[in-house]
Amino acid sequence: MTDRNQQLFDRAAQVIPGGVNSPVRAFRAVGGTPRFVQRAQGAYFWDANGQKYIDYIGSWGPMILGHGHPAVLEAVQKAALDGFSFGAPTEREIELAEEILKHVPSMEMVRLVSSGTEAGMSALRLARGATGRSKIIKFEGCYHGHADALLVKAGSGLATFGNPTSAGVPPEVVQHTLVLEYNNVEQLEEAFKLHGKELACVMIEPIAGNMNFVRASVPFMKRCRELCTEHGALFVFDEVMTGFRVALGSAQSVYAQLIPGFQPDLTVLGKVIGGGMPLAAFGGPREIMRQLAPTGPVYQAGTLSGNPVATACGLATLREIAKPGFWDALSSKTQSLVDGLKGAAAKAGVPFAADCQGGMFGFFLLPELPQNYAKVMTSDSPKFNKLFHGLLDRGVYIAPALYEAGFVSAAHSEADIAATVQAASEVFATL
Ligand SMILES: *Cc1c(COP(=O)(O)O)cnc(C)c1O
């Protein structure tokens, strides 16, 4: 049989660097031929050979309803008939903004943009503009998009390729970026002691999904909040992955249950809020957001920002996931996947630790959950690659890298999960 995936990959490599438009798609870490997707429906997609897969990537998070949800399709089709882009405001942008703010009370205003990278970069500029300071703290293994100043020890795609930073980023551009260990309270306190007065913000993935799945501990999160408040720095939650994915109120609602009164200052969103279309956002208190142009001195703009088709897609998605019972059903499905995988690994005697929240999960071929990037890196990479290909051969598509979280959608059935656990049992037995 001719392998259409291989043919397409060879052809792609002639015209697109590495044959892909985003590095982790290339299967460099795990080896083999990337699957070219022909179409997707519900919890599945089909590759160029017509092979069907249960999809646990869901476009790296956005497809929380599964592919081709009827309400979303209808909204997108209707919007497309009315025009693709105007460069003038629309009512739907207000509706989407209102829908987002309704569920994330730390945000009083929101600006819509087109990608998580753009949102993170803009939030950083706003934090610097609003505080009049330059220095920022980020944490090793957290990815905030590929803006220059944030491209330091950034996990996932970069971790896979062993590029802690990127070529093309001058040292002067990252000289204000302090990189600290995730979940390390002492380092954090030391950094504030030395630089507290010059810090514009601390940026964090509250549940880090770009080093697989690592939660910020409650004491660490609490200390971040206290130190930011004490020193007049902004606490920026990058919820591009976790936003509307781990809970309707996003990861900040999870921490607010554990730390009374907890709120970040700024929030960065993407992925789910676009429902699979290029849409992202950042927001926070009114007084800070008013610093943005045209009301304030911090410049930020976008030709396709608030795009009418993308906002229709995002709005329809958010309205579905706000329906009663949605989160209980999604969470229990994710939990049953994680429990099933843990059971299968235990039976085969494979060291395995896993965690999940809402529709997001992560697992490690390690005896216990790691708390930081260095620990994540000790996970058994050759074993993971065997697991990845074993699952792929059995029609289960998980992220092609050790450093990535996984995603369950509302379209995954208990039968899909049982089939996944069965496939994993077979592969675990060979590890
Ligand atoms: C995906 C992601 C980004 C970047 O979003 P893009 O839309 O890919 O630019 C930023 N931060 C986090 C936490 C992400 O997961």
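Modeller: In this predicted model, Ala, Val, Leu, Ile, Met, Phe, Trp, Tyr, Cys and Pro count as nonpolar, Asp, Glu, Lys and Arg as charged, and the others, Gly among them, as polar.

Biologist: How do the residues of the shell around the ligand divide into nonpolar, polar and charged?

Modeller: The residues around the ligand include Y143, V240 and M241, as well as S115, G116, E205, D238 and K271. By class, the shell divides into three nonpolar, six polar and three charged.

Biologist: Which residue has a polar backbone atom 3.2 Å from a nitrogen atom of the ligand?

Modeller: Two other residues reach the ligand through side chains: T117 has a polar side-chain atom 2.7 Å from a ligand oxygen atom, and N210 has one 3.2 Å from an oxygen atom of the ligand. The backbone atom that lies 3.2 Å from a ligand nitrogen atom belongs to Y143.

Biologist: What percentage of the ligand's accessible area does the protein cover?

Modeller: N210 places a polar side-chain atom 3.2 Å from a ligand oxygen atom. On its own the ligand has 380 Å² of accessible area, and the part covered by the protein is 82%.

Biologist: Which strands stand at the edges of the open sheet of four strands?

Modeller: The order in this sheet is β1-β2-β3-β15, with mixed pairing. Two of these strands have a single partner strand each, so one side of each is left without a neighbour in the sheet; they are β1 and β15.

Biologist: Which residue in the turn of the β1 and β2 hairpin has a positive phi?

Modeller: β1 (residues 37-41) and β2 (residues 44-47) pair in the antiparallel sense over four bridges, with V37 bridged to D47. Two residues lie between the strands, and the one with a positive phi of about 60 degrees is G42.

Terms used:
Residues numbered from 1 in each chain as written. Predicted model: local features only at pLDDT ≥ 70, side-chain atom pairs only at ≥ 80, totals over all residues. Heavy atoms only, no water. Near = heavy atom within 4 Å. Polar contact = N/O pair within 3.5 Å; in protein donor to acceptor, adjacent residues only side chain to side chain. Areas by Shrake-Rupley, 256 points an atom, 1.4 Å probe, with all protein chains shown as cover. Pairing = 2+ DSSP bridges.
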